[in-house]
Amino acid sequence: MLLQLNIQNFAIVRSLDIDWQQGMTTITGETGAGKSIAIDALGLCLGDRAVTNVVRPNCTKAELAATFDTTKNKQAKNWLKKHDMLLDNECILRRVISAEGRSKAYINGSQVPLAQLKEIGQLLINIHGQHDHQLIVKASEQRNILDAYASHQHLLDEVKFYYHQWRELNQEAKILQESKFQREAKQQLLQYQVNELDEFSLQIDEFETLETDYKRQSNGQHILSETLVAVQQLSENEQFNVVDSLQHSAEQITALGNYDPVLKAIAEQLNEALIQVEDASQEIKHYYESLELDPQAYTLIEERYSTAVLLAKKHQISPDALASFHQQLLQELQLFSSDETRLTQINDDIEAAKQKYQHAAEALSDSRKKAATKLSKMITKSMGELNMQHGKFFIDICQDKNEGLSVNGSDTVSYLASLNPGQALEAMNKVASGGELSRISLAMQVILADKIVTPTLIFDEVDVGISGPTAAMVGTKLKQLAKNTQVICVTHLPQVASKGHQQLFVAKLTDGEHTETTVTELSSNGRVQEIARLLAGDKITENSLANAQELLAG
C-alpha cells in the first residue's frame, strides 16, 4: 500500500508531505485547486513522461518520492529481489526532473531507466482516470476487460504462442520461396564445382605427398648425379675420400694422446665423427642405389600436381587447402538440399501450427463465453444499483473463422446495452450518455477489483456526471472495495467523500505574486465543514451541516 508521498517544487506545489492510510481516502477541494496534483505526481513516480512545465517557476528542479509498504505484496518483493533492490518491506520510487525537462529515476536509491519504474509501478498501484469510461467503447478495451475478469492468462499465452509460431513459419516460407531462384542458380554452380572436384578426388593431406613426389621425380637426374658425387667424396674415391682422411687423423691424434691426456678427448670426438660420416655415406649410397626414375609415373604425378595447382588457382586458394575446400562445398550443397526439403516440409508445419492455434483459440473462446455470461449478469445488477433500474448489459462474442489469425484469438467482443424498457440491445456509445457510461465503467472497475493484484487503487474523478442517490451508491461501492484494498478517490461529490476513512482537502493559496497548493488532512469537524460546502456551495447553512453530519454517520 501507499504510505507517503513527498512533493517538492512540482507545478504550483512548493513542498508537500502526504501520509496515506489503509482503507478509503477521499480528496476534495475547490475547482482549480489542484485536486489531481497528487495523482499527477504519483504518475511521474510510476514512470509517466515528464515535460518542462512540471517544475515550479523559478526553481531548478522538481523532486517527487512515493513510499510503499510491500509486506503483503509478494509480486513487488520478488521483482525487487530479482533486480537486487529489495529493502526490507519498503519500496521508494523517486523522480528528479530538471527545469530543462531532463529527469532521473530511482528505486530504493538505485538509479534506473523509466521502463523499470513502469514495471514495478504496475505491481504497486492501479490508476483509473476520469476519462477511462471513454475507453470501454473501444473493442480492444472491451476484450481486455473480459479477459481480466475471466483470469485465463494461460489461454491467452497459448494462443499468442501458436500465433507467433504460425507467423514465423509463414515468414520463413516466404523467405525460402523468394530466394528459391537465387538458390537454384547457386546450387547449379556448386554442383558443377563439386562434380569437378569429385572427379579429381584429391584426398586430405594428399597434396603434400604429391608435391614431394613431383619435386623428387622432376629433379631425379640431378639428385642421382649429386648423390653419386657425395658417395665418391665421402668413401669410395681411392685417391682421396673423407672417411680415409678422417680415420688417419683419428689414429694420429689417438697415438699422441699417450703424451697429453687433452688429445685423448679430441681423439674420441674424431672417432665419433668418423662413425657418423661412415653411416651417412652408407645411407646416401643406399638412397642412390634404390632411387628409381619412372618416366611413366612421373608423367602421371606431373599431370595430377599441375591439375591441383590449376584448380586451386581457379578457386583462389592454396593447393594444400583444396581437399578441405572440396568438403566445404559438399556441406554447402547439402544445405541447399535441406532448404529444398524444408520448403517442402514447411507447409505441413504451417498447417500443424494453424490447427494448434485454432484449438487454443476455441478453448479461449469457450472461456470468454462463460465469463461473458457471468459478467453480463453482474454488470446488469450493478447498473440497477447505480440508478439504471431498467438497464440491461450483454457481452456479445462472435467468432469469424474467415478472417486471418490474430494474436488475441478469433473472437470479436462487443459490449451491448439497453437502458429503457423495450429498447433493443445496441453498442453502448449509441444508447448511453457520458454519465451513464461513467457509471457502467465504475461498475466494471468495482467488479474487476478482485482480479487486480495491486494493493492500491486510485480513482481520479471517475464519478463525473453522477449525482443524487446514484452518487451515494457509488460511494458505498468504493467503501466496500476498500475493505480489502487501499482506495484513493479524487471526487467532487459529498456522497462519495463522506464514505472515506480519511479525507484530504486541497486548497490553492495566492498572495498576488505567488500561487501555492496545499493538502491538509481534515479533522472530524473539518470533514463536516467540507462535506457541507460540497452540498451547499460557499454558503454553508445549518441544514447543510446537518446533512453533512448525516452523510458522515451513514
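Two residues are in contact when they have heavy atoms within 4.5 Å of each other. By that rule, and leaving aside neighbours within four places in sequence, Thr70 is in contact with Ala76, Lys77, Asp88, Asn89, Glu90, Cys91 and Leu124. The model is predicted. The chain has 554 residues, and it is more spread out than a compact globule. This briefing starts with the whole chain and then turns to helix α2 and a few single residues.

**Whole chain**

- The chain holds 18 helices and 15 strands.
- Its radius of gyration is 46 Å, while the globule rule gives 24 Å for 554 residues, so the chain is more spread out than a compact globule.
- The C-alpha trace spans about 150 × 70 × 40 Å along its principal axes.
- Buried residues make up 41% of the 554 in the chain.
- Of the contacts with a separation of 6 or more, 70% are between residues 24 or more positions apart.

**Surface and charge**

- The accessible surface of the chain is about 30,600 Å².
- Carbon and sulfur atoms account for 49% of that surface.
- The chain carries 52 positive and 73 negative charges.
- The mean positions of these two sets of charges lie 19 Å apart.

**Helix α2**

- Helix α2 covers residues 74-82.
- Ala76, Trp79 and Leu80 are buried in this helix.
- Seen down the axis of α2, the buried residues fall within an arc of 95°, so they line one face of the helix.
- The face turned away from the buried side carries the exposed residues Lys74, Lys81 and Lys82.
- The buried residues of α2 pack against two strands, β5 (90-98) and β6 (103-107).
- They also pack against helix α3 (114-121).
- Asp84 follows α2 and has a positive phi, near 55°.

**Thr70, ahead of α2**

- Thr70 sits in the loop between β4 and α2.
- A residue counts as buried when its relative accessible area is under 20%.
- Thr70 has 0% relative accessibility and therefore counts as buried.
- The contacts of Thr70 include Ala76, which is one of the buried residues of α2.

**Arg49, in an earlier loop**

- Arg49 lies in the loop between α1 (37-45) and β4 (61-69).
- Arg49 is exposed, with a relative accessible area of 78%.
- Not counting residues up to four places away in sequence, Arg49 touches Leu44 and Arg95.
- Arg49 and Leu114 are 65 residues apart along the chain, and their C-alpha atoms are separated by 8.6 Å.

**Positive phi outside glycine**

- Asn108 is not a glycine, yet its phi is positive, at about 50°.
- Asn108 is in the loop between β6 and β7 (110-112).
- With 15% relative accessibility, Asn108 counts as buried.
- Ser151 is not a glycine either, and its phi is positive, at about 55°.
- Ser151 lies in the loop between α4 (139-150) and α5 (153-178).
- Ser151 is partly exposed, with a relative accessible area of 45%.

Technical notes
Residues numbered from 1 in each chain as written. Predicted model: local features only at pLDDT ≥ 70, side-chain atom pairs only at ≥ 80, totals over all residues. Heavy atoms only, no water. Helix = DSSP H or I, 4+ residues; strand = E, 2+ residues; numbered from the N terminus. Rg over C-alpha atoms; globule rule 2.2 N^0.38 Å. Buried < 20%, exposed > 50% of the residue type's maximum accessible area, 1.4 Å probe, protein only. Areas by Shrake-Rupley, 256 points an atom, 1.4 Å probe, with all protein chains shown as cover. Lys, Arg positive; Asp, Glu negative; His and termini not counted. Charge placed at Lys NZ, Arg CZ, Asp CG, Glu CD. Arc of directions from axis to C-beta.
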